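Dear colleague,

I am handing over the structure that I have been looking through, and you will find it just below. Please keep it open beside this message while you read what was found in it.

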Amino acid sequence: MAEFTMTIDGKAVKGSKSFGVINPATGKVFAQVPDCTKAELDQAMAAAQRAFPAWSRDVAARRKVLNGCAAALQQPPEGLARMLTQEQGKPLDKAAQEIMGAAIWCSYTATLEIPIEVLQDSATSRVEIRRKPTGVVAAITPWNYPVMLAMWKIAPALLAGNTMVIKPSPFTPITTLMMGEILRDVLPPGVLNVVSGGDDLGAWMTSHPIPRKISFTGSIETGKKVAASAAPDLKRLTLELGGNDAAIVLGDVDLAATAEKIFWGAFENSGQICSAIKRVYVPEQMYAPMLAKLGELAKGVKVGSGLDAGTQLGPINNKPQFERVTELVEDAKKHGAKIVTGGTRLGSEGYFYAPTIVGGISDGVRLVDEEQFGPALPVIAYKDVDDAVRRANSTHYGLSGSVWSKDPVRGAEVASQLECGTAWVNQHLAIAPNLPFGGAKWSGIGVENGPWGLLGFTEIQVVNVVK
Ligand code: NAD
């Protein structure tokens, strides 16, 4: 078995304990990784704190180092994409795209300026707004896009002058540990520390006295615990949490073309995307043909091991998530929903679930009201658009949403009524490094990406000078 190490103070740390990582395509442990102890976490935090003064001094030097990080990830070791497929489940080409995406995100972020705004500059006074790094950042990530979501935190936090301790999900720790191993040669010791462990390790990080900022991506339930844990020390927070994105189809669309885009907006990465389409509202007169078309698309998808050529969708990442999707679909069945296609596991090994389209369902059933985060899509009929918007908004979630129409002006007008961080028209999942991404309501606090995400890793300082 290959050995994976934590990165603490620029050094490889095997750790005194370990835990197994399961390949979701087989359901079996295929690797061991370090299980970070409290003492090892203290070492990582102390290393980040020691590295902070020198690292925070020179933005030009930081920019150069980040470009070096991007270059290192642009030519990753051969095994990185394969390892991502093995621990996460996604097809190998998608794994390679995720790694390339992380490199692109890093090099884009390295171009951003940290502004000094001059509010006043007269003969007698000068007032500047400066942005100072917050200090040590504790970063915690989920299992759906471990490489990309780590980079959404690493690049802006480091460019802003912070140092970091990052912890991936226990379901997908390997590629983040490997990123640490790759970037160890590029970054000064202590600037980026990578530790692996279970949920307890996350809780130790958020209550640790050293970090001044927590950047967390994960579920709403955990996000609330993180916020509570940050409160006594008033640590700064960015929370990127779950979503229950509604897609509202207007009556004028081209049905086949729209169905295909909606299908992939829902099922990409086997539905395990925070901002995937998680419920579709369709006008009554279009309901039956839309349901049939989505069912046909779901039937035609090749589901299998991400390592097999031609696989379009891999397994669900882990057993609890597999059980959750199963439970929500079974609950929908009990409530009289119609399973158009899917609704069962595939094979007996691993966590494969058939792409599932569910009709005859409405608000008030768990599959519609809760985040399924998996390959099962409820399709709901509506009578008038205002009612569809009201139902889309009647939730604590507020990550993103989309409206589909031949008329982009009308589409944008309806989309602007959605209570969410991103409102798309005739597309979904269009996420880019220069666009702020974040959730309204329970879907998050703050944003990531672009200049807005970068400034989230800073504190404002007013420098007010009398000449
Ligand atoms: P999760 O909340 O279970 O875990 C996320 C991370 O938090 C893991 O690293 C976990 O070990 C850690 N953790 C668990 N308990 C903790 C605690 N008490 N204190 C600190 N850390 C703790 O989420 P998940 O199942 O890994 O990910 C799926 C969820 O993430 C979905 O809800 C999805 O929508 C959301 N997500 C959001 C975004 C976004 O940008 N908004 C992106 C991807 C995923």
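Lysine 441 is partly exposed in this predicted model, with a relative accessible area of 34%, and its side chain forms a salt bridge with glutamate 419, where the closest N and O atoms are 2.7 Å apart. This pair links distant parts of the chain, since lysine 441 sits in the loop between strand S18 (422-425) and S19, while glutamate 419 sits in the loop between helix H14 (408-415) and S18, 22 residues apart. Glutamate 419 is also partly exposed, its relative accessible area being 42%.

How many salt bridges does the count come to? The count comes to 27, and two others can be described in the same way. In one of them, the side chains of arginine 366 and glutamate 370 meet at 2.8 Å, taken from N to O; arginine 366 has a relative accessible area of 28% and is partly exposed, and glutamate 370, at 24%, is partly exposed as well. In the other, aspartate 121 meets arginine 126 through their side chains at 2.9 Å, N to O. Aspartate 121 is partly exposed at 47%, and arginine 126 is partly exposed at 25%. Both of these residues belong to a network of salt bridges that links Asp121, Arg126, Glu128, Arg130 and Lys467.

Turning to the interior, the largest nonpolar core has 81 residues, and those with the most contacts inside it are Leu158 and Val195. Helix H5, which covers residues 146-159, gives the most to this core, with 11 residues. If residues up to four places away in sequence are not counted, leucine 158 touches Trp55, Arg62, Leu66, Met164, Leu187, Val191 and Leu192. Apart from this core lies another one, of 30 residues, and among them are Leu250, Ala376, Val403 and Cys420.

Finally, which residues other than glycine have a positive phi? One is aspartate 9, with a phi near 55°, which is found in the loop between strand S1 (6-8) and strand S2 (11-13). Another is asparagine 449, with a phi of about 80°, which lies in the loop between strand S19 (444-445) and helix H15 (450-455). Is asparagine 449 buried or exposed? Asparagine 449 is buried, because its relative accessible area is 5%, and buried here means under 20%.

With best wishes

Note on methods: Residues numbered from 1 in each chain as written. Predicted model: local features only at pLDDT ≥ 70, side-chain atom pairs only at ≥ 80, totals over all residues. Heavy atoms only, no water. Helix = DSSP H or I, 4+ residues; strand = E, 2+ residues; numbered from the N terminus. Buried < 20%, exposed > 50% of the residue type's maximum accessible area, 1.4 Å probe, protein only. Core = buried A, V, L, I, M, F, W, Y, C linked by side-chain atoms within 4.5 Å. Contact = heavy atoms within 4.5 Å. Salt bridge = Lys/Arg side-chain N within 4 Å of Asp/Glu carboxyl O.
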